[in-house]
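User: Please take a close look at one strand in this model, covering its side chains and its pairing. Then carry the same kind of reading over to a few other parts of the chain.

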Amino acid sequence: MQKLGVNEIREKFLSFFESKGCLRLGSFPLVPKDDASLLLINSGMAPMKKWFTRIEEPPRDRVTTCQKCIRTPDIERVGHTARHGTFFEMLGNFSFGDYFKKEATAWAWEFFTKVMEIPAEKLYVSVYEEDDEARDIWINEVGVDASHIVKLGKEDNFWEHGTGPCGPCSEIYYDRGLKYGCGSPTCGVGCDCDRFMEVWNLVFTQFDKDENGNYNRLAKPNIDTGMGLERLAVVMQDVDNLFEVDTVQDVMKHICRIAGVEYKKDEKTDVSLRVITDHIRSTVMMVSDGVIPSNEGRGYVLRRLLRRAARHGKLLNIDRRFLYEVAGTVIDASKSAYPELEEKRTYITRIIEKEEERFDATIDNGLVVLNEYIADAKENGASELTGAEAFKLHDTYGFPLDLTVEMAQEQGLGVDIEGFNECMNTQKRVARESRKDGSSWDAEDTYSFENVNEPTVFTGYTSLEDESVILGIVSGKEVSAQIAEGETGIIVTAKTPFYAEMGGQAGDIGTITGKNGKAEVTYTKKTGDGSYLHEVKITEGVLALDDCVTLKVCRKNRMAVSRNHSATHLLHSALRHALGEHVAQAGSLVTAERLRFDFSHFEAMTAEQLAEVEQAVNNAVLEAMDITVRELPIDEAKKLGAAAQFGEKYGAVVRVVAMGDYSLEFCGGTHLKNTAEVGLFKLISESGVAAGVRRIEAVTGQGVLDYIKAKDEMLARTGAALKTNRLDELDSKAAAVMEENRELSKKIEGFEAKMAELKTKDIMTSVKHIGKMNVLTAQFDGMAVPELKNIADRAKSEIENCVAVLAANTDGKITFVAMASKDAVKAGVHCGNIIKELTAVCGGRGGGKPDMAQGGGKDALKIDDALSKVDDLVAGMTK
């Protein structure tokens, strides 16, 4: 039996099954595609569900892969045992109605005994207790000794998940020897000890379980096998556990070098080393596949792993950011199998370093707060931290809940998870309420219209004008039979060309005209059951139920909105080209005036990147590409590579918007006919809205012209102020003014220093002796804080045991400054406490350090009262 490395084992497995006619596929991304049931890919077969069920046709009926997998249910146990990990690679060979038990069992045995050269006497096989077919094949066709085959029950050897495809399985075990055993005379396959290690699971998917619990035989059964690459490496390298195989050890050794520790010397150290080693491997793979740290979904899983690893770095006394360095070793260890790791090396390490920076900025303060909570809980005899405390650590200091739970458990305390969830839900509710728009119709308002029985038919993709009949009216906030001139409300019609607010696009405006009246449509929204609500103000006469009306969308507004919407598609594509494929839409707002586009990215864009993106969008505009819209079955649209829009749910048939070969997206919004109709595109701003999410705001068409006009007017005003009407002179004129300003500032500073010197000499004649302290108090109205500090600083540098307290009323703003010399501080003077007392007299607040403090007040009439307290305060401090 050869000692083989992880990368060698992987290649031997894939090559072996290629020789059996299997198509070798690369690992699917960890982010599931079209599978809302999974947060992250957790098994080899997970990305192939649709091939097993024949919803989609596989590229070949027999396939082999090595799949990256993440499992986090036992995250809190990772590190505390050597068995648990969150990242692993799953080797697998699969059959979609092609080969079955005979081939799967024979090839598994051949791979183990011939390719891996594992002695047959070290291998054991389990079969489902009712699967005599499999047992016979193992014994009579594969040639396994009957004494090495064990029958196990449904819990161990039958794979099923609710209804649908399922079947018995066979597992292959490796006997690691007596040293790993429990010593029991009944020790064998299925024992909980470490001697007999399950290495490979062969699932024979031969049944379809119906809702009545019946197992119906499949006409074309499938094969789904899974073998942990790291587990097989444990066998082939004859090491104790997955943390000791070669590629994982490379990572751990790097951490040991940084921390200056050795593995297997101290159990607490070993726990931290295993946590960091496992979590950084998961982190690298997740970031490589486009996951960015956030507070929700898979982004939160990534943040939990990173911050848990960072915290264990602190426990190893690593006092700097280091995970991004270790990420390089993970990449080096696995790049031969996953070349995208090398391609994205810079991106991966920067994402990890940025998250380390964010956690570093809060963890120390957070630890202080957490330790205070723990101390209070113990002092009060509490058994757990409150939900509010855990939530504050999460919300203010970035502590994932499970990190707080783990650290509390180390101190023998629990955490009120239910209370934490209540706080989280409250925050979400408040956030939702704060996002309500200014529309007159509230999403919480619901109306029952007697004549509205079907969803409104939308005709606005092809026409901006249509005829219909009024089916529902709201006047004010009440359902009504009519609505009259001067009143505001809602009109519902059977069909409409008005686009209702959806997918980030603002609703249309326009007019509704009937025989007896006319309404201005100020906005359009849509209810959950598909009714289009036209918010209206009646400008003439009366509109009533059953009136035949003409609905006319404002073309100018619709075109402006469509320009901005089409531009967001171009912008999305330009960002992906400029920044990388990790860019994904995270929200948008499209109105007639502007567009706002939120996207996933880890840092602020540079001026060069912004210029590149702006130019790319304008290039796409100038290329005058046709914009085409097609309705396609959703699976066909996805095969074309169309990008889904943020937060949208799609039916069986979707609208796909293509802009030449430059952009392809799912979209239900309104668009132009050609990119040239955008006119011009101008970036206005780029900012951050959340960790890993950036926001761009931009204008198009008339918005760009308005922007240019505003800039021109500003330049004209600037020129007038600088006494020039030549734009080419503005920069030199401005530079000259700034230089003149600097010279004047220097002269003023010199003058102020002289004034401070004179004022200091003046007040030094009125020094009061309080015990051994020399106390100065004075009021200088009209003086700024820096001047007050300058005077106080001069005084304390020239007088021993000096306490200087100054006040000023400047433009209605009351300021107090206090300074004390070192010997005064040693004697007990505390300027911060003095300022707290004085500002309280004037109705203000303040504080600071023992040697310097400042604050403000509100009542100028009480400045004298405040200053009169200084002597007593100093006397009390220096008794």
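Analyst:
**A strand and its partners**

Glu465 stands opposite Lys552 in β21. The model is a predicted one, and every value below is computed from it. Glu465 belongs to strand β13 (residues 465-475), which runs antiparallel to β21 and is joined to it by 5 bridges. Strand β18 (residues 510-514) is also antiparallel to β21, again with 5 bridges. In that pairing Gly510 stands opposite Val553.

The two residues of β21 named so far lie on opposite faces: Val553 points to one face together with Val549 and Leu551, and these are buried, while Lys552 points to the other face with Cys548 and Thr550, which are not buried. In a regular strand the side chains alternate between the two faces of the sheet, and β21 (residues 548-553) shows this alternation.

A second case of antiparallel pairing is an open sheet of 3 strands in the order β24-β25-β26. β24 (627-633) and β26 (663-666) each have a single partner strand and stand at the edges, so one side of each has no neighbour in the sheet. On average, neighbouring strands here are turned by 25° against each other, direction ignored. Between β24 and β25 (residues 653-659) there are 7 bridges, and Val629 stands opposite Val657 in β25.

Burial on one side can also be followed in a helix. α19 (residues 702-721) has 20 residues and spans 29 Å from its first C-alpha to its last, close to the 28 Å expected at 1.5 Å a residue. Gly703, Val704 and Gly719 are buried in α19. They lie on the same side of the helix because they cover an arc of only 150° around the axis. The face turned away from this buried side carries the exposed residues Lys709, Arg717, Ala720 and Ala721. Just after α19, Lys723 has a positive phi of about 60°.

Loops hold buried residues too, and Asn241 is one of them, in the loop between α6 (229-237) and α7 (246-259). Asn241 has a relative accessible area of 13% and is therefore buried, the cut-off being under 20%. The side chain of Asn241 reaches the backbone nitrogen of Phe243 at 3.0 Å. Apart from its neighbours within four places in sequence, Asn241 is in contact with Ala82, Arg176, Val234 and Tyr263.

Key
Residues are numbered from 1 along each chain as its sequence is written. This is a predicted model: local features need pLDDT of at least 70, side-chain atom pairs count only at pLDDT 80 or more; totals for chains, interfaces and linings use all residues. Side-chain values use heavy atoms; hydrogens and water are left out. Helices (H or I, at least four residues) and strands (E, at least two) are DSSP runs, numbered from the N terminus. Buried means under 20% relative accessible area, exposed over 50%, partly exposed in between (1.4 Å probe, protein chains only). A polar contact is a pair of N or O atoms within 3.5 Å; within protein, one must be able to donate a hydrogen and the other to accept it, and residues adjacent in sequence count only if both atoms are side-chain atoms. Contact means heavy atoms within 4.5 Å. Two strands pair if DSSP finds at least two bridges between them. Axes are lines fitted to C-alpha atoms, for helices over the stretch in contact, and angles run from 0 to 180 degrees between N-to-C directions. The expected span of a helix is 1.5 Å times one less than its number of residues. The arc is that of the directions from the helix axis to the C-beta atoms.
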